[in-house]
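I opened a new page for this chain. These are my notes, in the order I looked things up.

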Amino acid sequence: MSKEVVMDHPLIEQKIGIIRRKETGNKDFRQNISDIAKLIGYEATKDLTLEEVEIETHLCKCTVKPLKSKYLTLVTIMRAGLA
């Protein structure tokens, strides 16, 4: 069961361009790797299932949508560029 996803979002592409430059320093490299990981995580979780729950606020009752599953596991693949 192979599902490949190409992350071609403009913000990810821009940050990949920054980390590939030879004049990019260590601090900027690590910051951009962290930003890329956050953007990929955001994109990877877009299909998580939600449930509707009614809660009581300070003013009235309302419906919110928390994640249906209480557990979420993210596993990284160890690579040389993992900051």
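**Entry 1: overall shape**

I began with the long-range contacts. Among contacts between residues at least 6 apart in sequence, 24% join residues at least 24 apart. I noted at once that this is a predicted model.

Next I looked up the elements. I found two helices and two strands. From the N terminus on, they run α-α-β-β.

Then I checked the dimensions. The radius of gyration of the chain is 18 Å, whereas a compact globule of 83 residues would have one near 12 Å. Along the principal axes, the C-alpha atoms fill a box of roughly 55 × 40 × 20 Å.

**Entry 2: surface and charge**

How much of the chain counts as buried? I wrote down 11% of the 83 residues. The exposed area is about 7900 Å², and carbon and sulfur atoms supply 55% of it.

I turned to the charges. There are 14 positive and 12 negative side chains. The centres of the two sets lie 6 Å apart.

**Entry 3: Lys15**

I picked Lys15, which sits in helix H1. Is Lys15 buried or exposed? Lys15 counts as buried, because its relative accessibility is 15% and the cut-off is under 20%.

I then listed what Lys15 touches, leaving aside neighbours within four places in sequence. The list is Asn32, Asp35, Ile36 and Leu39. I looked up the last of these again: Lys15 and Leu39 are 24 residues apart in sequence, and their C-alpha atoms are 10 Å apart in space.

**Entry 4: Ile19 and Thr24**

Ile19 is also a residue of helix H1, which spans residues 10-20. Its relative accessibility is 19%, so Ile19 counts as buried. Leaving aside neighbours within four places in sequence, Ile19 is in contact with Thr24, Phe29, Asn32, Ile33 and Ile36. I noted that Asn32 and Ile36 are on this list and on that of Lys15.

I followed the contact to Thr24. Where does Thr24 lie? Thr24 is in the loop between H1 and helix H2, residues 26-44. Thr24 counts as buried because its relative accessibility is 18%. With neighbours within four places again left aside, Thr24 is in contact with Ile18, Ile19 and Phe29. Phe29 thus turns up for Thr24 and for Ile19.

For a longer span, I took Ile19 and Thr63. They are 44 residues apart in sequence and 43 Å apart in space, C-alpha to C-alpha.

**Entry 5: His58**

I moved on to the strands. His58 lies in the loop between strand S1 (53-56) and strand S2 (61-64). Its relative accessibility is 88%, so His58 counts as exposed. I also looked up its separation from Asp35. The two are 23 residues apart in sequence and 36 Å apart in space, C-alpha to C-alpha.

**Entry 6: the cysteines**

How many disulfides does the structure hold? I found zero.

Why is Cys60 without a bond? Its closest cysteine sulfur is in Cys62, 6.2 Å away, and that is too far for a bond. The cut-off for a disulfide is within 2.5 Å. Cys62 is likewise in no disulfide, with the sulfur of Cys60 as the nearest cysteine sulfur.

I checked the exposure of both. Cys60 counts as partly exposed, because its relative accessibility is 44%. Cys62 is partly exposed too, with a relative accessible area of 28%.

Definitions and conventions: Residues are numbered from 1 along each chain as its sequence is written. This is a predicted model: local features need pLDDT of at least 70, side-chain atom pairs count only at pLDDT 80 or more; totals for chains, interfaces and linings use all residues. Side-chain values use heavy atoms; hydrogens and water are left out. Helices (H or I, at least four residues) and strands (E, at least two) are DSSP runs, numbered from the N terminus. The radius of gyration is taken over C-alpha atoms; the globule rule is 2.2 Å times the number of residues to the power 0.38. Buried means under 20% relative accessible area, exposed over 50%, partly exposed in between (1.4 Å probe, protein chains only). Contact means heavy atoms within 4.5 Å. Accessible areas come from the Shrake-Rupley method with a 1.4 Å probe; for residues, only the protein chains shown count as cover. Lys and Arg count as positive and Asp and Glu as negative; His and the chain ends are not counted. The place of a charge is taken as NZ of Lys, CZ of Arg, CG of Asp or CD of Glu.
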